[in-house]
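Colleague: I've got this model open on my screen and I'd like to talk through its empty spaces and its metal site. Shall we start with the cavities?

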Amino acid sequence: MKDPAEQSHQQFHLAQLGWDKTRQAEVDQIATPDLHPGRIGVAVRGRYQVLGLAGTRAQWASCRKSVIPSDAGLSPFPAVGDWALVRRDRDTVVIERLLIRRSFFVRKTAGRVTQPQVIAANVDRVLIVTAVDRDFNLRRIERYLATVWAGGAEPVIVMNKTDLSHDRVRLVGELENVAPGVRVIMCSAQDDHDLSQVVALCELGMTVALVGSSGVGKSTIINRLAGAERQATNPVRARDHRGRHTTARQELMVMPSGAILIDTAGLRELGLWEAEEGVGRTFADIEGMAQRCRFRDCRHTGEPGCAVETAIRNGSLDQERLDGYLRLQREMEHTKLRADARASSGSKKRWKEIAKSARQLYRLRKDLGMKEK
Ligand code: GDP
Ligand code: ZN
């Protein structure tokens, strides 16, 4: 069956997808003439759409998990935005390995499983989209910021739906307080509003991801940016290769501006994954104050000589911001404990296997009449 994506026949050169000299050097080092580089555009249940392969607009590929090197960083499965090396046989495309992830947007998998899930790989800039309506929540912005910083991309806060609020100057002030040094732009994605500030963020050759709660206007913004070319750039949007609709999804698109956009949707939870550095950067003010606490391991919850609580009392720090910080710290500790428990039960299992095979070997030798030395 023909892939509907192929009907548009738009092919992308690697350069249009963000390929550069360093990537080429990386591939030259691997030196495998029968492997071809391409970029993952969509990932759905173990199937991956690969863009940039000569002669096709997009190809669906499978992936033999064992061949993905762990040096790709974090989850060994391909993610949208990853650069992959694929082997092409007549009708099949198989992902053989991933190139190094320079940056990523990763969360803890939703639910009880303690595993990372890479939402987008190799992203230069992440637009944290929020709306001035019910979605507006400073604590959530802090969580997103920590995740973006931890993954090595540049965060920009985009406050959408400004047409609905008379209060936007106050809201921007609040955002700038919780995100010092981070660019905050306001926009309204409604038809007759100017989106030039958002357009300016999507520079030629740059990979830009849009994240944020459902309903804040990400699709509307992307549709406006893509204009009439939207249909041509990606007709398989929100559908997998069998044409079924999917809920949580990410998708990479090449914009008319030459930027590479990664749209994300359906991320209900954003659990932190190895985000200590990102949290530290997001809350640099609190961590700076904590240097002056009497105890080095002060938890800022009633210890004597706590500089952070002094800041709360004299009004230079907001109690809610501190609570948000402590909550993220506890969450990271909890995830770490569970990950450690998993790792050690993994090694226990390995030891059991080793012991079992040692017993089998012993029995075998006995059966053969061999003596233990
Ligand atoms: P997504 O879930 O983040 O992709 O959000 P959508 O793009 O689907 O937008 C959710 C709803 O908000 C839709 O009904 C949009 O028409 C509406 N919307 C998007 N941007 C704006 C805006 O700037 N102003 C207003 N008033 N509504 C908007
Ligand atoms: Zn303290």
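Colleague: How many cavities of 30 Å³ or more does the count come to?

Modeller: Bear in mind that this is a predicted model. The largest cavity holds about 40 Å³ of space, and a cavity needs 30 Å³ or more to enter the count. By that rule, the count comes to one.

Colleague: Which elements each supply at least two residues of the lining of that largest cavity?

Modeller: The lining includes Ile128, Val129 and Thr130, as well as Arg140, Ile141 and Tyr144. By class, the lining residues divide into four nonpolar, four polar and two charged. The elements you're after are strand 8 (125-131) and helix 2 (138-150).

Colleague: On to the second largest pocket: which element gives the most to its lining?

Modeller: That pocket has about 430 Å³ of space and a lining of 16 residues, with Asp297, Cys298, Arg299, His300 and Tyr325 nearest its centre. Two elements give two or more residues each, helix 8 (284-290) and helix 10 (319-367). The one that gives the most, with five residues, is helix 10.

Colleague: Cys298 and His300 also hold the zinc ion (ligand 2). What is the geometry of the zinc site?

Modeller: The protein donors are Cys293 (SG), Cys298 (SG), His300 (ND1) and Cys306 (SG), at 2.2 to 2.4 Å from the zinc ion. In sequence they follow the spacing C-x4-C-x1-H-x5-C. Four donors count as tetrahedral if all angles lie between 85 and 135 degrees. Here the angles are 103 to 115 degrees, so the site is tetrahedral.

Technical notes. Residues numbered from 1 in each chain as written. Chains lettered and ligands numbered in written order. Predicted model: local features only at pLDDT ≥ 70, side-chain atom pairs only at ≥ 80, totals over all residues. Heavy atoms only, no water. Donors = N, O, S within 2.8 Å, 3.2 Å for Na, K, Ca; no water. Tetrahedral: all angles 85-135°; square planar, octahedral: opposite > 155°, others 65-115°. 1 Å grid on protein atoms, 1.4 Å probe; cavity = no way out; pocket = protein on both sides within 12 Å on 5 of 7 lines; lining within 4 Å. Points joined across faces, edges and corners; volume = space filled by probe spheres on them. Helix = DSSP H or I, 4+ residues; strand = E, 2+ residues; numbered from the N terminus. Nonpolar A, V, L, I, M, F, W, Y, C, P; charged D, E, K, R; others polar.
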